[in-house]
Amino acid sequence: MHDKIGVLKYFMKPQQYDTYPIKWNEIFGNKRKIYVEIGFGSGEYMTALAKSNPDINFIGFETSLTALYKAQINFHKNNIKNARVIQGDARLLIRELFPSNSISKLIVNFPCPWPKKRHKERRIFITSFINTLADVLKKGGTIELATDVDWYAQEVYENFSNSEFFETQDIIKNFNRPIKTKYELKWDNEGRNKYLLIAKKLKSFKIKRVLEGVSELPHKNIKDIDIEKLKSLKDKTFKDNNITFTVSSVYEDLLNDRFLLRVVSTDDDFMQQYYISIYKKTNDWLVKLDSTTIPYRTPAVKYTVYKIAELIEK
Ligand SMILES: C[S@@+](CC[C@H](N)C(=O)[O-])C[C@H]1O[C@@H](n2cnc3c(N)ncnc32)[C@H](O)[C@@H]1O
């Protein structure tokens with residue numbers, strides 16, 4: 001059994017913040033350099049790096065909850081103080097959570113190359129993310145990609161070489177770094193080739209962010225609601241420029257004058273799922289984000305709350 005509080009201290013929930021991008025010096029209590037790792041798996045690479053570089057702050061992104069859990073246990077066992085982890089798609093969150101020119105190094109070890117053409121957009125180094133890196137990396141900052149897939153190394157090499165914001169070094173075949181990741185050990189044992197690609201940021205690009213500045217918790221009081229209109233929202237989609245939302249379910253608790261709407265919304269490529277709660281107060285009704293799900297309060301989330309309030313008001 002692990003000391004759960006000790007383990008959880010590494011886990012950040014930036015959805016709960018009200019100002020973006022994050023002020024990293026306040027999180028770490030210092031202004032040290034920032035290294036970011038995407039898809040850290042069990043976290044052995046980040047643990048070893050953080051341990052041997054206490055003067056650098058590390059932030060890791062993972063989509064897998066199991067990986068997040070394992071990495072935090074690793075940090076805790078090694079008494080790591082200079083690391084944090086965040087759950088979600090790093091390509092979108094790095095854009096939203098880091099100010100321009102703030103990251104010194106980005107590390108990606110043995111990512112899935114998503115070989116099928118229809119999954120191409122799931123690859124890490126797509127053009128939109130390379131442009132994000134041209135904003136958030138410091139000038140002279142680097143990206144390091146290790147992979148066992150030759151065509152993928154070549155593809156990423158070309159993507160960075162074709163970007164006016166980066167310069168690339170030649171791919172290093174069968175590199176030898178002092179720390180090996182879990183996948184690296186596995187591929188080494190199988191005798192696979194591996195490739196290391198390093199690209200350096202030359203000049204900056206200003207990326208468009210979805211969240212920026214202060215973001216209040218959206219809510220709206222309305223005098224009365226039209227229950228039939230509310231129920232008819234199920235499976236309806238609403239659009240406003242680059243924003244969409246769909247109400248996928250409507251749950252009702254008539255005994256308590258309370259409704260819960262499950263919503264999926266998008267701001268361009270940023271998709272989130274959450275609940276909107278609608279309940280009776282003494283003199284009126286309140287439409288607000290339900291506290292069981294905590295989305296990033298993007299323009300689509302705010303639009304959803306205000307549009308639903310407008311649509312159901314009697
Ligand atoms: C093949 S594993 C490699 C793990 C580790 N780096 C290693 O070398 O052993 C890739 C990891 O990347 C994570 N991942 C994939 N896409 C991601 C994304 N867009 N953002 C954050 N993590 C991602 C997956 O959950 C998975 O744990």
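## Arg-209 and its surroundings

Arg-209 touches Arg-95, Glu-96, Phe-98, Pro-99, Ser-100, Asp-135 and Val-136, leaving out residues up to four places away in sequence; touching, or contact, here means heavy atoms within 4.5 Å. You'll find Arg-209 in the loop between strands E9 and E10 (213-214). Helices (H or I, at least four residues) and strands (E, at least two) are DSSP runs, numbered from the N terminus. This is a predicted model, where local features need pLDDT of at least 70 and side-chain atom pairs count only at pLDDT 80 or more, while totals for chains, interfaces and linings use all residues. Residues are numbered from 1 along each chain as its sequence is written, and side-chain values use heavy atoms, with hydrogens and water left out.

Is Arg-209 buried or exposed? Arg-209 counts as buried because its relative accessibility is 9%; the cut-offs are under 20% relative accessible area for buried, over 50% for exposed, and partly exposed in between, using a 1.4 Å probe and protein chains only. The side chain of Arg-209 reaches the backbone oxygen of Arg-95 at 2.8 Å, and a polar contact of 3.2 Å joins it to the side chain of Asp-135. A polar contact is a pair of N or O atoms within 3.5 Å; within protein, one must be able to donate a hydrogen and the other to accept it, and residues adjacent in sequence count only if both atoms are side-chain atoms.

## Strand E9 and its partners

Just before that loop comes E9 (residues 195-201). Six of the seven residues in E9 are buried, so the strand is mostly covered. E9 pairs in the antiparallel sense with E6 (residues 137-147) over six bridges, with E7 (residues 166-168) over three, and with E8 (residues 172-173) over two. Two strands pair if DSSP finds at least two bridges between them.

Some partners can be picked out by name. Tyr-195 in E9 is the bridge partner of Thr-147, and Lys-173 also stands opposite Tyr-195. Ala-199 in E9 has Thr-168 opposite.

## Around the ligand

There are 17 residues around the ligand, and Gly-39, Glu-62, Asp-89, Asn-109 and Thr-181 come nearest. To count as near, a residue needs a heavy atom within 4 Å of the molecule or strand in question.

A polar side-chain atom of Thr-181 lies 2.7 Å from an oxygen atom of the ligand, and a polar backbone atom of Gly-39 is 2.8 Å from a ligand nitrogen. A backbone N or O atom of Lys-182 lies 3.5 Å from an oxygen atom of the ligand. On its own the ligand has 600 Å² of accessible area, and the protein covers 84% of that. Accessible areas come from the Shrake-Rupley method with a 1.4 Å probe; for residues, only the protein chains shown count as cover.

## Nonpolar cores

The largest nonpolar core has 42 residues, of which Ile-94, Phe-98 and Phe-125 touch the most other members. A nonpolar core is a set of buried Ala, Val, Leu, Ile, Met, Phe, Trp, Tyr and Cys residues joined through side-chain atoms within 4.5 Å. Not counting neighbours within four places in sequence, Phe-125 is in contact with residues including Leu-106, Val-108, Ile-130, Leu-133, Ile-143 and Phe-160. Another core, of 24 residues, lies apart from it, with Val-247, Phe-259, Leu-289 and Val-301 among them.

## Another buried arginine

Arg-297 sits in the loop between strand E16 (285-289) and helix H10 (299-312). With a relative accessible area of 11%, Arg-297 is buried too. Gln-16 is 281 residues away along the chain, yet the C-alpha atoms of Arg-297 and Gln-16 are separated by 8.7 Å. Beyond neighbours within four places in sequence, Arg-297 has contacts including Gln-16, Asp-18, Leu-211, Glu-216 and Leu-289.

## Backbone oddities

Most residues other than glycine have a negative phi, and most peptide bonds are trans. The bond from Tyr-20 to Pro-21, though, is cis, with omega near -10 degrees.

Asn-101 has a positive phi of about 55 degrees and is partly exposed, with a relative accessible area of 38%. Phe-110 also has a positive phi, near 50 degrees, but counts as buried at 8% relative accessibility.

## The whole chain

The protein chain has 10 helices and 16 strands, and 50% of its 314 residues count as buried. Its C-alpha trace spans about 70 × 45 × 40 Å along the principal axes.
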